[in-house]
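Biologist: Could you take me on a close look at the metal site in this model and the part of the fold that carries it? Once that is clear, I would enjoy a short walk through the rest.

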Amino acid sequence: MPDVIIAPSILSADFAHLGRDIDAVVSAGARWIHVDVMDGVFVPNITIGPVVVKSIRRTTRAFLDCHLMITEPDRYIDDFRSAGADGITVHAEATRHLQRTLATIRGMGLKAGVSLNPSTPLDAVRYCLADLDLLLIMTVNPGFGGQSFISSMLQKISDAKAMIGGHPIQLQVDGGVTKENLAMLAQAGVENMVAGSSIFSTPDPGKTVKEMIDIVRSVQR
Ligand code: DX5
Ligand code: ZN
């Protein structure tokens with residue numbers, strides 16, 4: 001079984017010292033960096049865009065996992081690709097022709113992901129499984145870091161696992177992931193965990209990442 005991936009979300013990092021914060025978590029063993037892109041329309045918050053991804057790309061070889069919480073994501077896929085994204089995740093709620101969007105992402109040689117808001121049923125992706133590399137189950141309503149995990153999403157995670165079946169699709173969760181619920185999520189079959197505030201709000205983000213990796217490894221053993 002491959003190691004569960006811990007994907008630190010830079011939303012909670014110190015944007016004035018982004019290179020330093022990324023280096024700390026990558027040196028500690030994080031292989032993915034989760035980049036939250038928000039447009040103030042799809043979600044009630046505005047964050048960063050391709051120019052920041054381009055700068056990050058120069059500082060790390062980690063997988064850049066770009067989570068687009070924006071309307072009409074198709075308009076920006078190429079910008080994120082040329083900025084150096086490795087994977088692009090779009091929200092099923094934000095695009096009219098999801099299958100086409102996924103094919104566009106894959107056609108550019110990137111990993112294609114779909115994210116579902118807590119209230120969105122799994123049926124939104126059921127007929128696109130062959131087009132997907134990653135399924136992101138939001139465990140908070142997107143827009144902000146530091147929110148609490150919505151416990152009813154545990155049922156959705158288990159239903160998603162069943163729906164994925166033998167398809168080579170990574171199951172990712174995002175929102176309210178902490179050292180306390182990591183083991184439970186790994187046991188539920190989650191393969192990729194995004195965590196923002198529970199990493200970057202600690203005094204030593206690198207140490208926290210190491211502790212998280214140890215927790216998921218102990219469950220996998
Ligand atoms: C929320 C973002 C998350 C966020 C998670 O809309 O998609 O990636 O950074 O933050 P935490 O881990 O603090 O809930
Ligand atoms: Zn995210």
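**The zinc site and its strand**

Modeller: Happy to! Along the chain, the donors of the zinc ion (ligand 2) are spaced as H-x1-D-x30-H-x106-D. Please keep in mind that this is a predicted model. Put names to that pattern and the protein donors are His-34 through NE2, Asp-36 through OD, His-67 through ND1 and Asp-174 through OD. They lie 2.0 to 2.3 Å from the zinc ion (ligand 2). What geometry does the site have? It is octahedral, with six donor atoms and angles among them of 71 to 169°.

Now look at where the pattern begins. His-34 and Asp-36 are both buried, and they share one side of strand 2 with Trp-32 and Met-38. The other side of strand 2 carries Ile-33, Val-35 and Val-37, and these are buried as well, so both faces are covered. Counted over the whole of strand 2, residues 32–38, seven of seven residues are buried.

What does strand 2 pair with? Its partner here is strand 3, residues 63–69; the two run parallel and are joined by seven bridges. In that pairing the zinc donor His-34 stands opposite Asp-65 of strand 3. The connection between these strands includes a helix: strand 2, helix 2 (residues 50–59) and strand 3 form a β-α-β unit, and its hand is right.

Following the chain out of this region brings us to the loop between strand 3 and helix 3 (77–83), where Glu-72 sits. Its backbone deserves a glance, for Glu-72 is not a glycine and yet has a positive phi, near 45°. Most residues other than glycine have a negative phi. Is Glu-72 buried or exposed? At 46% relative accessibility, Glu-72 falls in between and counts as partly exposed.

A second right-handed β-α-β unit is made by strand 4, helix 4 and strand 5. Strand 4 (residues 87–91) and strand 5 run parallel and pair over five bridges, with Val-90 facing Val-114 of strand 5 as its bridge partner. Strand 5 is also joined to strand 6 (residues 134–138), again in parallel, by four bridges. In that pairing, Ser-115 stands opposite Leu-136 of strand 6. Strand 5 is mostly covered, with five of its six residues buried.

The helix of that unit offers a residue to zoom in on. Ile-105 belongs to helix 4, residues 98–107, and it counts as buried because its relative accessible area is 0%, against a cut-off of under 20%. Beyond its close neighbours in sequence, Ile-105 is in contact with Ile-77, Ile-88, Val-90, Leu-110, Lys-111 and Ala-112. Val-90 is thus one of its contacts as well as the bridge partner of Val-114. For a sense of scale, Ile-105 and Ala-30 are 75 residues apart along the chain, and their C-alpha atoms are separated by 24 Å.

Two loop residues are worth a stop on the way. Thr-120 lies in the loop between strand 5 (111–116) and helix 5 (123–126). With 12% relative accessibility, Thr-120 counts as buried, and it touches Glu-93 and Lys-156, leaving out residues up to four places away in sequence. Asn-181 is in the loop between strand 7 (170–174) and helix 7 (182–187). It too is buried, at 10% relative accessibility. Its contacts beyond four places in sequence are Phe-149 and Gly-176. Ile-215 is 34 residues away from Asn-181 in sequence, with a C-alpha to C-alpha separation of 10.0 Å.

How many disulfides does the model have? The count is zero, taking a sulfur pair within 2.5 Å as the cut-off. Among the cysteines, Cys-66 is buried at 0% relative accessibility, and Cys-128 is buried too, at 9%.

To return to your request, the picture to keep is of an octahedral zinc site with two of its donors, His-34 and Asp-36, on one covered side of strand 2, and of strand 2 itself running parallel to strand 3 within a right-handed β-α-β unit.

Note on methods: Residues numbered from 1 in each chain as written. Chains lettered and ligands numbered in written order. Predicted model: local features only at pLDDT ≥ 70, side-chain atom pairs only at ≥ 80, totals over all residues. Heavy atoms only, no water. Buried < 20%, exposed > 50% of the residue type's maximum accessible area, 1.4 Å probe, protein only. Pairing = 2+ DSSP bridges. Right-handed = clockwise from strand over helix to strand, strands pointing away. Donors = N, O, S within 2.8 Å, 3.2 Å for Na, K, Ca; no water. Tetrahedral: all angles 85-135°; square planar, octahedral: opposite > 155°, others 65-115°. Contact = heavy atoms within 4.5 Å.
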